[in-house]
Amino acid sequence: MLKRIKEISGVGPYISCKAAAVELKKLTLIYGSNSYGKSTLCDVLRTLETPDTTPIKERKTIPASAAQK
């Protein structure tokens with residue numbers, strides 16, 4: 001079971017995201033405002049369990065000026 005993500009970079013809103021002191025459990029709640037990367041994180045996790053990298057290759061970084069507030 002995956003317990004920690006060291007870094008996500010260049011995928012969706014994750015330009016350069018380093019791991020925090022968060023350990024993933026069997027059930028981990030992810031929450032946040034719109035455009036903060038919840039769905040992108042799900043695609044990253046999905047990509048880790050299969051050899052298909054299409055979900056993260058299709059994610060584009062949203063410029064800060066265009067992000068929803």
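Here is a walk through this structure, from its overall layout to its core, its surface and its charged pairs.

Keep in mind that this is a predicted model, where local features need pLDDT of at least 70, side-chain atom pairs count only at pLDDT 80 or more, and totals for chains, interfaces and linings use all residues. Residues are numbered from 1 along each chain as its sequence is written, and side-chain values use heavy atoms, with hydrogens and water left out.

Let's start with the layout. The protein has 2 helices and 2 strands, and along the sequence they come in the order β-β-α-α. Helices (H or I, at least four residues) and strands (E, at least two) are DSSP runs, numbered from the N terminus. How much of the protein is buried? Buried residues make up 17% of its 69 residues. Here, buried means under 20% relative accessible area, exposed means over 50%, and partly exposed is in between (1.4 Å probe, protein chains only).

Now for the inside. In soluble globular proteins, nonpolar side chains tend to be buried together. In this model, the largest nonpolar core has 5 residues: Ile-8, Val-11, Tyr-14, Leu-41 and Val-44. A nonpolar core is a set of buried Ala, Val, Leu, Ile, Met, Phe, Trp, Tyr and Cys residues joined through side-chain atoms within 4.5 Å. Take Val-44: leaving aside neighbours within four places in sequence, Val-44 is in contact with Ile-8, Val-11 and Ile-56. Contact means heavy atoms within 4.5 Å.

Helix 1 covers residues 38-49, and a few of its residues are worth a stop. Thr-40 sits in this helix and counts as buried, at 5% relative accessibility. Not counting residues up to four places away in sequence, Thr-40 touches Val-11, Gly-12, Pro-13, Tyr-14 and Arg-59. Thr-47 is also found in helix 1. Is Thr-47 buried or exposed? With a relative accessible area of 10%, Thr-47 is buried. Leaving aside neighbours within four places in sequence, its contacts are Asp-52, Thr-53, Pro-55 and Ile-56. Leu-48, in the same helix as residues 38-49, is exposed, with a relative accessible area of 57%.

Leu-48 brings us to the surface, where Leu-2, Leu-45 and Leu-48 make a nonpolar patch of about 250 Å². Patches are made of residues with over 30% relative accessible area and no salt bridge; like charges are joined within 9 Å, and nonpolar side chains (Val, Leu, Ile, Met, Phe, Trp, Tyr) within 5 Å.

Last come the charges. Side chains of opposite charge can pair when their charged atoms come close. The structure holds 4 salt bridges, each defined as a side-chain nitrogen of Lys or Arg within 4 Å of a carboxyl oxygen of Asp or Glu. One of them joins Arg-46 and Asp-43, at 2.5 Å from N to O. Because they are 3 residues apart in helix 1, Arg-46 and Asp-43 are separated by about one helical turn. Arg-46 is partly exposed at 42% relative accessibility, whereas Asp-43 is buried at 11%. Elsewhere, salt bridges that share partners join Arg-4, Glu-23 and Lys-25 into one network. Glu-23 meets Lys-25 at 4.0 Å, N to O, and Glu-23 also pairs with Arg-4, with the closest N and O atoms 3.8 Å apart. That second pair links distant parts of the chain: Glu-23 is in the loop between strand 2 and helix 1, while Arg-4 is in the segment before strand 1 (7-8), 19 residues apart.

Conventions:
Accessible areas come from the Shrake-Rupley method with a 1.4 Å probe; for residues, only the protein chains shown count as cover.
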